[in-house]
Structure formats: C-alpha cells, structure tokens
Amino acid sequence: MQGNESYRQYLQYHANNHPSATKRAEAQALLNVTGDDGGLNGYFLMGNGTNNKGQTVGEQKSNGYTASSLNRSVNPWWMNSYASWQNRYNKKTGLPPESFAETF
C-alpha cells in the first residue's frame with residue numbers, strides 16, 4: 001500500500017491480506033455496506049422491513065455481522081486503524097494531516 005488509499009481500498013487490502021481470518025471477514029463485511037466516508041449504508045442500518053404498525057423489524061447482516069455490531073464496534077475499530085495508518089504515513093512523508101487529501 002502506498003499510503004494514499006481510500007478507506008474502501010484500505011478495507012479491500014485487509015479483506016484480501018490480513019493474517020487474521022476474523023479481521024478479513026470484518027473488512028469484507030464493511031466493504032459490502034460502507035463508503036469511503038466511513039458511513040454505513042442507511043438502508044442497511046434501517047433493518048429488513050416493517051411490521052403492520054410501520055415499525056422497522058429485524059436486523060440486516062453483512063458477511064454474518066449484524067448492522068448494530070458493524071455500526072457500534074467493527075466500523076469504529078477499522079476507522080481508527082485507518083486513521084492511525086494515515087497518521088503514520090503522514091509522519092513519514094512530512095505532510096500535515098490536513099494537507100493529505102489535497103496532496104494525493
């Protein structure tokens with residue numbers, strides 16, 4: 001990896017190459033439902049459908065992970081990992097974090 005990859009490219013790399021099967025599965029689950037901004041797809045978070053009262057019922061899954069677990073723990077962990085990786089890359093290149101996106 002060069003250091004200028006997007007969040008989804010970062011996830012794709014780890015879905016293919018992480019030594020932990022669990023982390024590969026998490027990265028793949030996030031790839032199915034997240035964008036480069038790190039936000040999960042709103043339709044995915046809303047649930048599977050509605051009951052006769054119009055309430056959302058059921059929870060969708062991606063690669064075996066529920067929407068709530070991806071939203072509350074898995075995605076925050078990966079976003080933090082991505083931010084740390086970018087920060088390390090910025091220190092190596094000498095670029096301030098705020099100029100990173102504009103430079104690459």
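In the predicted model, buried residues account for 35% of the 104 residues in the protein chain. The chain contains five helices and four strands, and its elements follow the order α-α-α-β-β-β-β-α-α along the sequence. Of the contacts between residues at least 6 apart in sequence, 50% join residues at least 24 apart.

Helix α2 covers residues 21-33. With 13 residues at 1.5 Å a residue, α2 should span 18 Å, and the 19 Å between its end C-alpha atoms agrees with that expectation. Several residues of α2 are buried, namely Lys-23, Glu-26, Ala-27, Ala-29, Leu-30, Leu-31 and Val-33. This list includes residues with charged side chains, Lys-23 and Glu-26, which are considered further below.

The partner of α2 in the packing described here is helix α1, formed by residues 7-17. The axes of the two helices lie 8 Å apart and make an angle of about 145°, and the crossing is left-handed. On the side of α1, the contact involves Tyr-7, Arg-8, Leu-11, Gln-12, His-14, Ala-15 and Asn-16. These residues meet Arg-24, Ala-27, Gln-28, Leu-30 and Leu-31 of α2. By residue type, the contact comprises six nonpolar, four polar and two charged residues.

Leu-11, a residue of α1, takes part in this contact. Its relative accessible area is 0%, and Leu-11 is therefore classed as buried, the limit being under 20%. Beyond the residues up to four places away in sequence, Leu-11 touches Ala-27, Leu-30, Leu-31, Thr-34 and Trp-78. Among these, Ala-27, Leu-30 and Leu-31 are also listed as buried residues of α2. The contact with Trp-78 joins distant parts of the sequence: Leu-11 and Trp-78 are 67 residues apart along the chain, whereas their C-alpha atoms are separated by 8.1 Å.

Trp-78 is also in contact with Glu-26, a residue of helix α2. Leaving aside neighbours within four places in sequence, the contacts of Glu-26 are with Tyr-65, Val-74 and Trp-78. The side chain of Glu-26 further meets that of Lys-23 in a salt bridge, with an N to O distance of 3.0 Å. A search of the whole structure finds one salt bridge. Side chains of opposite charge can pair when their charged atoms come close. Within α2, Glu-26 and Lys-23 are three residues apart, and so they are separated by about one helical turn. Both residues of the pair are buried: Glu-26 has a relative accessible area of 10%, and Lys-23 has a relative accessibility of 18%.

Two loop residues were also examined. Gly-39 is located in the loop between α2 and α3, the latter formed by residues 42-46. At 32% relative accessibility, Gly-39 counts as partly exposed, because this value falls between the limits of 20% and 50%. Apart from neighbours within four places in sequence, Gly-39 is in contact with Val-33 and Thr-34. Of these, Val-33 is among the buried residues of α2, and Thr-34 is also touched by Leu-11. In sequence, Gly-39 and Asn-75 are 36 residues apart; in space, the distance between their C-alpha atoms is 8.5 Å.

The second loop residue, Asn-63, lies between the strands β3 (61-62) and β4 (65-66). With a relative accessible area of 44%, Asn-63 is partly exposed. Its phi is near 55°, a positive value in a residue other than glycine. Most residues other than glycine have a negative phi.

Methods: Residues are numbered from 1 along each chain as its sequence is written. This is a predicted model: local features need pLDDT of at least 70, side-chain atom pairs count only at pLDDT 80 or more; totals for chains, interfaces and linings use all residues. Side-chain values use heavy atoms; hydrogens and water are left out. The expected span of a helix is 1.5 Å times one less than its number of residues. Buried means under 20% relative accessible area, exposed over 50%, partly exposed in between (1.4 Å probe, protein chains only). Axes are lines fitted to C-alpha atoms, for helices over the stretch in contact, and angles run from 0 to 180 degrees between N-to-C directions. A crossing is left-handed if the near helix is turned anticlockwise from the far one by less than a right angle, and right-handed if clockwise. Contact means heavy atoms within 4.5 Å. A salt bridge is a side-chain nitrogen of Lys or Arg within 4 Å of a carboxyl oxygen of Asp or Glu.
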